[in-house]
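Me: Please take a close look at one part of this model. I want to know how it is built, which way it faces and what it packs against.

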Amino acid sequence: MGTESILVPFRGTGSGTADLTWGQWMIWPRMRNSPAVFNMGGAMTSPPGTTVADYVDIVRFMMDRHHALRTRLRFAPDGTPRQVVAESGRLPLEILDVPGDADPAAAAERVRARYQNTEFDYEFEWPVRMAVIRQHGRPTHSVVILNHLAVDAHSLEILAAGIAGLGNGDQQAADTDVGPLAQAEYQRSKAGQRASASALRSWARLLRAVPADRFGDCGEPRRPRYWQGAYRSPAGYLAIRAIATRDQADTAPVLLAAIAVSLARITRNPLTLWQLVVSNRFRSNLADTVGPVSQHGLCSIDLAGITFREAVTRARGAILTAGMNGYYDPLQRDELLTRLSEERGQDIDITCVINDRRQPEADTPMDRPPTAAEINAAVGTGELRWEFTTDLPSDNFFVHINNVPDTLDYAICSDTHHFALDDLIACLHGVEAVAVEAALDPDTVTGV
């Protein structure tokens, strides 16, 4: 098994140094303070007829086209990072030749794991690692891993679409998005600072309206402290789709309402406060940007004495609120939290987060809504699984809604110092139970 490295030269347009963007500042503290590695990407099968020269063209095309992929960091003496965008450079493309009797997919997976689990050198390494697995002189697989400080999940789709266009003869190599330098320039401008201040005024109003500590101690702390369980719910999927069709709603507010009611029933606190992961790609010039632009927007839902249908209406408004206040300077947000916590004499807990990872297809209209008989038949077929436990710092209650077609798949990581393990299990089951109740009875009450 032999390995060589080709240094692929690239040259784009524009260079310079700037502060981190707001999206980069959202993830940088997590990347620095956690032993976890935040790399993104994977291994892929090479299309028939693909050559190493094709991959060289892909590397050059990506690097020429996107500022974010030519960005590294420079650190001040106090450790504060700034980003440095280079106009040109050379990226190593690793070529791994495997013997004829070896499994090239297994070799690709070993390279992926090595790339994935090794932290980038932020100062001296380009934020792209790429390798080609070759057997009998022909590429069988490629591996691409990128630094999360340069890309987010949607960025990977943009890169893939650009590469597909290259294969169809699109040779455009100019920068096509609002790169990190332009974002940083806007964000420190008067217009950007006004936008941040407006968003944080909304945060301040919401934070002043809720109790600082909404959970307390559960009395059953565990080690490891944080537990993540996940649930795959066919019944929940059918129920959510039935409610959305009946009430002419998207599935996102229906899901948010079901999660909020499930948690509120456990905490017995009807006033729920949430951070929602906001992609920000609906904003002007950010739709096709390669780089992390997601931030957390804040919203609250008061569930006291209302029906689930009313909860969905409030959840829809809450999602809009979170979207409107999800673009701001994270450092200024931290200052706001510190100031409000000092005013109240107690740290304000905002660590309830929902990250909806589903694709837009989740709201594709169904041929017909699920029937009550179909929903009832699916009850009891859900699968609970434990994904990990850790003592690494995390949020009190973090929900991931996974992109799994034709079912409802979600994971909840909770702090056992605030939520007993039985409470986590009850909440995992409870999201399905709440949705099924509401699907079968449109006037069901939240019960909190």
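Reply: A residue is called buried at under 20% relative accessible area, exposed at over 50%, and partly exposed in between (1.4 Å probe, protein chains only). The model is predicted, so local features need pLDDT of at least 70 and side-chain atom pairs count only at pLDDT 80 or more, while totals for chains, interfaces and linings use all residues. Residues are numbered from 1 along each chain as its sequence is written, and side-chain values use heavy atoms, with hydrogens and water left out.

The part chosen is helix 10, residues 330–344. Helices (H or I, at least four residues) and strands (E, at least two) are DSSP runs, numbered from the N terminus. From the first C-alpha to the last, the 15 residues of helix 10 reach 21 Å, close to the 21 Å expected at 1.5 Å a residue (the expected span is 1.5 Å times one less than the number of residues).

Its buried residues are Pro330, Arg333, Leu336, Leu337, Leu340 and Ser341. Down the helix axis they fall within an arc of 125°, so they line one face of helix 10 (the arc is that of the directions from the helix axis to the C-beta atoms). An α-helix has 3.6 residues a turn, so residues three or four places apart point the same way. On the face turned away from the buried side, helix 10 carries the exposed residues Glu335, Glu342 and Glu343.

The buried residues of helix 10 pack (contact means heavy atoms within 4.5 Å) against two helices and two strands: helix 1 (22–33), helix 6 (190–208), strand 10 (271–278) and strand 11 (295–302).

Now the ends. Asp329 caps the N-terminal end of helix 10, with a side-chain oxygen 2.9 Å from the backbone nitrogen of Leu331. Just after the helix, Gly345 takes a positive phi of about 70°.

Helix 3 (residues 104–116) can be set beside it. The 13 residues of helix 3 should span 18 Å at 1.5 Å a residue, and its end C-alpha atoms are 18 Å apart, which agrees. Here Pro104, Ala107, Ala108, Val111, Tyr115 and Gln116 are buried. Because these residues fall within an arc of 165° down the axis, they line one face of helix 3. They pack against strand 3 (39–45), strand 6 (88–98), strand 7 (128–135) and strand 8 (138–147). Asp103 caps the N-terminal end of helix 3, placing a side-chain oxygen 3.0 Å from the backbone nitrogen of Ala105.

Methods
Polar contact = N/O pair within 3.5 Å; in protein donor to acceptor, adjacent residues only side chain to side chain.
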